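User: I'd like to go through this model with you. Can we start with the ligand?

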Amino acid sequence: MTPEKLALTTNSRARKPRSVGVAGHPLAAELLARLGPKKVLHRLSERLNYRYDAIQFGVTPLCVVLPESTEDVVTAVKVARGAGVPIIGRGAASGLSGGVTPLQESLVISFTRMTRLEVFPQRREAVAQPGVVTLQVSEAAKPHGLIYPPDPASFRTSTIGGNLGENAGGPLCFKYGVSGDYVRALEFVDAEGEVHRLTREAYDLAGLLIGSEGTLGLITEATLRLTPPPRYARTLMAHFAEVGQAAEAVSAAIAAGAVPAKLEFMDRACVGAVEDYLHLGLPREAEAVLLIDTDGDDLDTVEEERALVERACLGAGGVVRRAQSEAEGEALWRARRSISPALGRIRPQRMNEDIVVPRSVLAEVVREIRALGDASGLHLVQFGHIGDGNLHPNILFDPRTESVGAVHDLAHEIALVAIRHGGVLSGEHGIGTMKRDFMRDAVDPVTLQALRDVKRALDPAGALNPGKILPPEEESSHAHP
Ligand SMILES: Cc1cc2nc3c(=O)[nH]c(=O)nc-3n(C[C@H](O)[C@H](O)[C@H](O)COP(=O)(O)OP(=O)(O)OC[C@H]3O[C@@H](n4cnc5c(N)ncnc54)[C@H](O)[C@@H]3O)c2cc1C
């Protein structure tokens, strides 16, 4: 995305919403007639709430549908297609890559009323409609001695539809995997309004839908795998004078056979932000802090694994603190969960990168990004799921006083660092509009064309969430003559 376009989408005042009474718009009139007034939002004051995600503002949608069933979704898609209007599926809008921000006047289908959730303990499965909030799956499974492991930090608000749209991860993903790993079957509505029911067998079309950010189909139901929770967990915090030491500790622990349940990293700037906010007594002087959980059903094995990780941290020159109780462990994890609100106190907006690099180059990558941040004069913090090499460099900025173009340039440079070191643009937040233009650097022209072919095969008219993931065609051909 160009800086100009980013400025448009990050500034709520930059685009004037259409002031016309859209009730008279043919799309709204048809949807009202087919679905009734309770499921259709057409007043400007209502529609304004549906033009943003957690980082970007976009264009005010023409109309919003709140479906209560798959049939409602089918109706909405068919009416929008008949009117030639693009369609955007929306969950809780907690996305961090611009996935739900409309780039043109569109129909938004907001799934927040599709919240049916059933648990089948004997099959260790839950069947969820897309509007079910992530945490509710685990809460519903708990009485049956089961959990749903995917744990994005947003799990109190994000939805299953949005999690699958982005293939969301979380601290537990190193050991337990990401959202897509828990999908056994999917129901989705395609760009023509046809309903499909998929398992993970032939061609794994469900796998293609997962992480496709609503550009290939709209998920209307998911069958999710549940697992019994581990009986024991132990928490450890380690801090280091050098980022390289932290990376070395992680590699050494994994090489020695440890598979920690959680393995999280915070840099000095990030620790400082959280400490300013919560005053937990975190080591401000450290260049890197690791938060680590080991878990399992056998206490001795869990303790042994913790000891193994501890040795790796000490061997790399770290200082280790064991949580002596569940409450102390919980307090340490509060630090990690509070990063977002802590950063929100520093600047009103942030650009949240989501790169993944091989663990062997992590220290170098963190240092290079730090140097870029310092040179830019912008406020940058880094944290992430270090076990997977998934880093979240966050550029904090105020669009009223700081150059959005400079933010974009820094984000681009960070993406290039990841690519140069053999990494990728996104581990869990998706590409959306934010990283769309970086795709030309990350993906070779032949592969990019294959991605376009997939999109064309499933959505020939380009009606579903247009402008997301894939950079505009003509621009990419200029970039690769
Ligand atoms: C404080 C905070 C912490 C976060 N922590 C994490 C984290 O730890 N890990 C992580 O991975 N993410 C994290 N995120 C990002 C975000 O919460 C996730 O991407 C989440 O999966 C989005 O869910 P949502 O319901 O808000 O989806 P939305 O933002 O509404 O939508 C996300 C994408 O999915 C598509 N979509 C929505 N519903 C459907 C559907 N039914 N069918 C098809 N496509 C659909 C949308 O079009 C969009 O492209 C965090 C965000 C915040 C604000």
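Analyst: What follows covers the ligand site and then the domains. This is a predicted model, where local features need pLDDT of at least 70, side-chain atom pairs count only at pLDDT 80 or more, and totals for chains, interfaces and linings use all residues. Residues are numbered from 1 along each chain as its sequence is written, and side-chain values use heavy atoms, with hydrogens and water left out.

User: How many residues surround the ligand?

Analyst: There are 34, counting a residue if one of its heavy atoms lies within 4 Å of the ligand. The closest are Gly89, Gly91, Ser94, Ser154 and Thr159.

User: What does Ser94 do there, in terms of distance to a ligand oxygen?

Analyst: A polar side-chain atom of Ser94 sits 2.6 Å from an oxygen atom of the ligand. For the backbone, a polar atom of Ala153 is 2.9 Å from a ligand oxygen. A polar contact here is a pair of N or O atoms within 3.5 Å.

User: Which helix gives the most to the shell?

Analyst: H6, with five residues; helices are DSSP runs of H or I, at least four residues, numbered from the N terminus.

User: Where does the ligand lie relative to the domains?

Analyst: Domain 1 (3–113) and domain 2 (117–225) both contribute residues to the shell, so the ligand lies between them. The bounds come from an automatic or database domain assignment.

User: Switching topic: how many residues of domain 1 and domain 4 are in contact?

Analyst: 14 residues of domain 1 touch 16 of domain 4, with contact meaning heavy atoms within 4.5 Å.

Key:
A polar contact is a pair of N or O atoms within 3.5 Å; within protein, one must be able to donate a hydrogen and the other to accept it, and residues adjacent in sequence count only if both atoms are side-chain atoms. Helices (H or I, at least four residues) and strands (E, at least two) are DSSP runs, numbered from the N terminus.
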